Amino acid sequence: MTYKLLWADDEIELLNAHVIFLQNKGYDVTQVTNGLDAIEACKEETFDLVLLDENMPGLSGLETLVKIKEIQPEIPIVMVTKSEEEDIMEQAIGSQIADYLIKPVNPHQILLALKKNIHKKEIVAEQTNSAYQQNFGKLGMLISDSLTTEDWINVYRKLVYWEFELENAESGMHEMLKAQGDEANNMYARFVKKNYLQWINSPREERPLMSHDLFRERIFPLIDRGEKVFLILIDNFRYDQWRVLAKELAPDFTIDEELYTSILPTATQYARNAIFSGLMPAQIKSMYPNLWVDEEEDEGKNLNEKMLIETQIARYRRRDTFSYNKVINSTAADRYIDTINNLQGNDLNVLVMNFIDMLSHARTESMMVRELASNEAAYRSITHSWIRHSAVTRLFRYLAASDYTVILTTDHGSVQVRNAVKVVGDKNTNTNLRYKLGKTLGYNPKEVFEIKEPSKAMLPAPNVSTSYIFATNDDFFAYPNNYNHYVSYYRDTFQHGGVSLEEMLIPIVTLRPKR
């Protein structure tokens with residue numbers, strides 16, 4: 001492919017050696033000596049890049065730049081000038097130049113500018129592909145050798161890192177990375193099956209940080225040090241979505257990021273109630289039966305969160321003052337922010353944001369939303385759009401100017417499901433696609449993580465014979481009745497409740513304003 005350049009300079013005849021150099025490199029160079037001719041040339045044909053002298057008779061380079069941008073807004077323009085005056089450079093940058101070269105320029109400087117502005121995507125893709133191929137074997141060994149939760153956190157971070165790198169490079173390596181992600185989730189499911197019940201029944205120092213530990217280990221110590229804490233819990237917030245938000249917050253906050261392990265099921269009723277109560281689900285039901293709602297009951301499963309926080313504070317004999325609020329749309333968020341100054345006297349302010357969970361459910365139910373969020377990258381993109389154009393930005397701007405220590409976390413993540421696994425249950429079996437509980441479940445034990453004695457996992461058992469099963473990797477449960485319709489409807493949707501890196505290894509981040 002031949003790339004077409006326009007070079008505008010009133011001394012263009014003195015640059016003949018540079019033009020020949022570029023032509024020998026395969027570029028088609030059109031030469032003009034003034035701004036008016038440059039503008040006319042851009043009206044007649046499309047160029048891949050313009051080299052523009054800043055100091056020309058008649059129209060200046062800056063004036064010419066503005067006119068060219070009106071004709072071809074996306075064309076990269078490299079300004080070439082003898083002047084290093086700051087105001088000229090600022091005017092040029094404000095006019096969206098792609099690069100800035102100071103005379104006298106040599107051919108290799110020009111070639112570098114062309115590579116940065118014309119060939120960047122293909123160079124980045126080539127380099128990224130090469131880097132991933134070099135790390136493919138190392139990542140495979142890391143997946144095979146992972147023995148601890150910290151090992152798996154390291155694996156998951158690397159998988160997300162390469163997902164972003166390959167996505168930005170428009171690489172062809174996505175299928176290889178997807179295969180490695182599937183392998184990692186299969187191995188992680190084995191790890192969880194082997195260790196989960198032991199974690200639940202072990203002292204804290206012998207297991208990973210889990211949902212019911214967060215207040216005791218990450219919130220209360222900050223309050224004890226005299227810090228005012230603002231806890232933001234974004235429902236169903238994956239680690240890759242956090243990495244998108246992190247780029248937005250980095251200019252205003254110092255960031256201390258870690259991942260913790262959600263309890264099972266990775267669902268709001270269980271994981272979020274465990275966070276706010278500091279207890280496992282069976283303990284909540286035993287100690288505060290009026291605050292626990294069983295699966296078969298019609299009552300909302302997360303209506304008692306404020307009271308659960310109260311019980312945790314009281315159980316540790318603390319006197320912390322706190323507020324609890326939940327917002328489900330931008331209007332409610334705006335109202336909340338308008339009155340946020342009224343909360344400054346509290347030791348702890350808790351805010352639950354439900355947008356991403358609502359997006360996940362809407363994606364299942366709406367074909368239009370499903371098209372907009374067809375894969376992980378598109379799902380992240382919608383999350384990013386929400387962050388940038390909703391009250392979330394306003395909230396974090398306020399917090400960046402405050403003296404709060406901000407804890408940002410979630411209750412669980414989600415995974416895009418693709419493979420249907422048959423399960424049979426009675427009419428009282430719950431509807432979640434990633435976990436089931438019931439007394440007459442029919443399934444293939446090799447395809448699930450089963451817990452036949454819920455008490456060992458500190459899970460409630462509505463009946464003596466109740467058992468729990470969890471889907472792993474990208475599986476989802478489907479009933480034999482009307483099987484094909486059910487599978488086609490739910491395949492490729494984002495679900496939660498089961499065992500996967502995306503659902504179980506989730507962010508808890510400490511943010512402190514840089515001011």
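A crossing of two helices is left-handed if the near helix is turned anticlockwise from the far one by less than a right angle, and right-handed if clockwise. The model on display is predicted, and the tour begins with a helix pair to which this definition applies.

**Stop 1: the helix pair H14 and H18**

Select residues 330–338, which form helix H14, together with residues 391–400, which form helix H18. The two helices pack at an angle of about 20°, and their axes lie 9 Å apart. Because angles under 35 degrees count as roughly parallel, H14 and H18 are roughly parallel to each other. Their crossing is left-handed. To inspect the contact, display the side of H14 that contributes Ser330, Ala333, Asp334, Ile337 and Asp338. From H18, add Ala391, Arg394 and Leu395. By class, this contact of H14 with H18 comprises four nonpolar residues, one polar residue and three charged residues.

**Stop 2: the parallel sheet**

Next, select strands S2, S1, S3, S4 and S5, which form an open sheet in that order with parallel pairing. The edges are occupied by strand S2 (27–32) and strand S5 (99–102), each of which pairs on one side only. From one strand to the next, the twist averages 20°.

At the S5 edge, select strand S4 (residues 77–81) as well; four bridges join S4 to S5, and the two run parallel. Within this pairing, methionine 79 has tyrosine 100 in S5 as its bridge partner.

Now move to the other edge and add helix H1 (residues 16–24), which lies across strand S1 (3–8) and S2. The direction of H1 runs at about 155° to S2. Helix H2 (residues 35–44) also packs on the sheet, where it touches S1 and S2. The direction of H2 makes about 160° with that of S1.

**Stop 3: the antiparallel sheet**

Which strand lies between S13 and S14 in the order of the three-stranded sheet? Strand S15 takes that place: the order is S13-S15-S14, the sheet is open, and the pairing is antiparallel. Strand S13 (435–438) and strand S14 (449–451) stand at the edges with a single partner strand each, so one side of each has no neighbour in the sheet. Neighbouring strands here are turned by 15° against each other on average, with direction ignored.

Select S13 and strand S15 (residues 467–470) to view the four bridges that join these antiparallel strands. Leucine 437 can be found there opposite tyrosine 468 in S15.

**Stop 4: tyrosine 260**

Select tyrosine 260, which lies in strand S7 (residues 253–261). Is this residue buried or exposed? Tyrosine 260 has a relative accessible area of 1% and is therefore buried, the cut-off being under 20%. Add isoleucine 506, which is 246 residues away along the chain; the C-alpha atoms of the two residues are separated by 5.6 Å.

**Stop 5: valine 415**

Finally, select valine 415 in strand S11 (residues 415–416). Valine 415 is likewise buried, with a relative accessible area of 5%. Its C-alpha atom is separated by 7.3 Å from that of serine 500, which is 85 residues away along the chain. To see the surroundings of valine 415, leave aside its neighbours within four places in sequence and display its contacts: Arg238, Arg434, Asn473, Thr493, Phe494, Gln495, Ser500, Glu502 and Glu503.

How values were computed: Residues are numbered from 1 along each chain as its sequence is written. This is a predicted model: local features need pLDDT of at least 70, side-chain atom pairs count only at pLDDT 80 or more; totals for chains, interfaces and linings use all residues. Side-chain values use heavy atoms; hydrogens and water are left out. Axes are lines fitted to C-alpha atoms, for helices over the stretch in contact, and angles run from 0 to 180 degrees between N-to-C directions. Angles under 35 degrees count as roughly parallel, over 145 as roughly antiparallel, 65 to 115 as roughly perpendicular and the rest as oblique. Contact means heavy atoms within 4.5 Å. Ala, Val, Leu, Ile, Met, Phe, Trp, Tyr, Cys and Pro count as nonpolar, Asp, Glu, Lys and Arg as charged, and the others, Gly among them, as polar. Two strands pair if DSSP finds at least two bridges between them. Buried means under 20% relative accessible area, exposed over 50%, partly exposed in between (1.4 Å probe, protein chains only).
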